[in-house]
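Please take a moment to look over the structure below before reading on. The paragraphs that follow lead through it step by step.

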Amino acid sequence: MSGDAMTDLSTDVRIRFPAFSLEVAHAFPGQGITALFGPSGCGKSTLLRIIAGFERGARGRISYGDETWLGARAFLPPHRRGVGYVFQDTRLFPHLTARGNLDYAHKRAGDVAARYSFDDVVDVLDIAPLFDRRATQLSGGERQRVAIGRTLLARPRLMLMDEPLAALDTRRKGEIMPYIGRLPDAFGLPVIYVTHALEEVTQLCDRIVALADGHVAAAGGVAETLERLDLANVQGRFEAGAMLTGRIAAQDTELYMSSVDLGTARIEVPQIAVPPGEEVRLRVRARDVSLALTRPEGLSIRNMLDARVLNIAPEAATAFAEVLLDVGGQHLRARVTRAAIAALELREGQSVIALIKAVSFDRQALPRDAPAPG
Amino acid sequence: MDMPDLGPLWLTFRLAAITTLLLLLIGTPIAWWLAHTRSRLKSVAEAITALPLVLPPTVLGFYLLVFLSPNSALGGLWLSVTGSTLTFSFTGLIVASALYSLPFMVQPLQGAFEGIGRAPLEAAASLRASPRDAFFTVATPMAARGYLTAIVLSFAHTIGEFGVVLMVGGNIPGRTKVVSIQIYEEVETINYAAAHGLAAILLVFSFSVLLAVYALNRRFPVHVG
């Protein structure tokens, strides 16, 4: 990684509440989108608030480049940190119009150097038509777009987003997501993105920091972190899965299927509307993967991949185990019963056939020219 | 002789206006602190600011008389610095009125600040606004309705006071004789026509102010939420 202009955020913090405590040490890279991921109550929003300086009970260290934001005797107040914060409930100022909210941030960023202008932000987020309306007269999606614009206009050095899509319905989510995906590239802004929705992680984020019970459970690139078995507790059993990266090899327009080349193998999935040759990410849930010792005949399952068992992890106090597989250099997870593992006499290193029932599709990067929502 | 003397009426309005201004300056930080503090002293402070609501005005007036008199530390200091006494003076009346009307300023403001909460202030801080900046540009406009209520109540309550004023200020024409005392005096001397005139003025004035406030609130609702 070239670490030239990028400034890392390094945290080693703890906070104690009557019913909850958090202790996290992690360095966030100064680029891309990092997901802070975990179930509700795991402390991800609290960590974000500590980084912003909103939790005065936090102890430990936070440093940004060579600036100290939190130390034994140091506390840099939130308004001097140059951190943008997008709240789940937007927190637009009710006494101002949308334009007034944007101006509020723009004026206060006056002398901060930025690579983008007021109009750039308004254009990218398509908020000019909303200028004269008050927060109460905007829809949820419009409100969140104005809020993101307002935060950008404060010219932050780092963007913190606290479940910005959680209050929106699926259609609005789809509207806002491309805008968020564009932040790092279009505005040169690293983002820390809090969410408990796995599809937002796989679609938007480059890295993931998974929190469980106030601690970091796992951290790293999205694909490899999601493959780790010990994440089952964080994701919830039925969400556990893995990601396969491939290229569209062919499109069957009659049966509405796409063929995806994984390198050593091909799989067929319900049609993905992107041109052949384009890279796609496929998410395969562990519960949708079955195992066989030989290639079975007469099955409705179309995807059968040669795989090798890397690891078998029985789940404590359940009938199940999770099997980590190698498929031509990529990883796959299968959730099968422990009884099945015994019956098949599965061992690490063994060759098996992985049967994939269903696949969901995530785009790795959203195109820059994604259509603006009307 | 039937025409009432309007001097005390103007004195009363002047007293109410100055008291309200003073209370805005004193009451705002107190209300802000009460709305945001997590200190254990909060309940004590709340009880103290609410005391004028429940104490008989004569009790408050009596203590003020004691603490403001030239024989007391405060009253003595004031006398040596300014050359005049706090008791039986217009200045003393302002001090007494401010204390007496304090809860009418603090409680609506505290309620308004609590209603706003920390969330908009955090948003302002994330947009590079200092706490002071956020107070004036976010909290104050969002608390506009609370301010309106607090100002009207403090002003009206100061106009209506009687007991405290009588104890601390006495009844000195042109200096401490307020309209409520004058009305009492007119009634005592069976000068009902003058009493009627003043009472009617106060009644019409109070009703008009309240009507204006409620109408304003209806027409220009403060945008919150």
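In this predicted model, helix α1(B) passes helix α8(B) in a right-handed crossing. Two packed helices are described by the angle between their axes and the distance between the axes. For the helices in chain B, α1 covering residues 7–36 and α8 covering residues 144–159, the axes come within 9 Å and cross at roughly 140 degrees. Because angles over 145 degrees count as roughly antiparallel and those from 65 to 115 degrees as roughly perpendicular, this crossing makes α1(B) oblique to α8(B).

The residues that meet can be followed along each helix: on the side of α1(B) they are T12(B), L15(B), A16(B), T19(B), T20(B), L23(B) and G27(B), and on the side of α8(B) they are A150(B), I151(B), S154(B), F155(B), T158(B) and I159(B). Sorted by class, this contact of α1(B) with α8(B) holds 7 nonpolar and 6 polar residues, with no charged residues.

Elsewhere in chain B, F88(B) sits in the loop between α4 (73–82) and α5 (90–116), and it has a positive phi of about 55 degrees although it is not a glycine. F88(B) counts as partly exposed because it has 18 C-beta neighbours inside 10 Å.

Turning to chain A, the domain assignment gives domain 1 (9–235) and domain 2 (239–360), and the C-alpha centres of these two domains of chain A lie 34 Å apart. In chain A, the loop between α3 (118–125) and α4 (140–153) contains D126(A), which is not a glycine and yet has a positive phi of about 55 degrees. With 16 C-beta neighbours inside 10 Å, D126(A) counts as partly exposed.

How values were computed:
Residues numbered from 1 in each chain as written. Chains lettered and ligands numbered in written order. Predicted model: local features only at pLDDT ≥ 70, side-chain atom pairs only at ≥ 80, totals over all residues. Axes fitted to C-alpha atoms, helices over the stretch in contact; angles between N-to-C directions. Helix = DSSP H or I, 4+ residues; strand = E, 2+ residues; numbered from the N terminus. Parallel < 35°, antiparallel > 145°, perpendicular 65-115°, else oblique. Left-handed = near helix turned anticlockwise from the far one by under 90°. Contact = placed C-beta atoms within 7 Å. Nonpolar A, V, L, I, M, F, W, Y, C, P; charged D, E, K, R; others polar. Domains from an automatic or database assignment. Buried ≥ 20, exposed ≤ 12 C-beta atoms within 10 Å, placed from the backbone.
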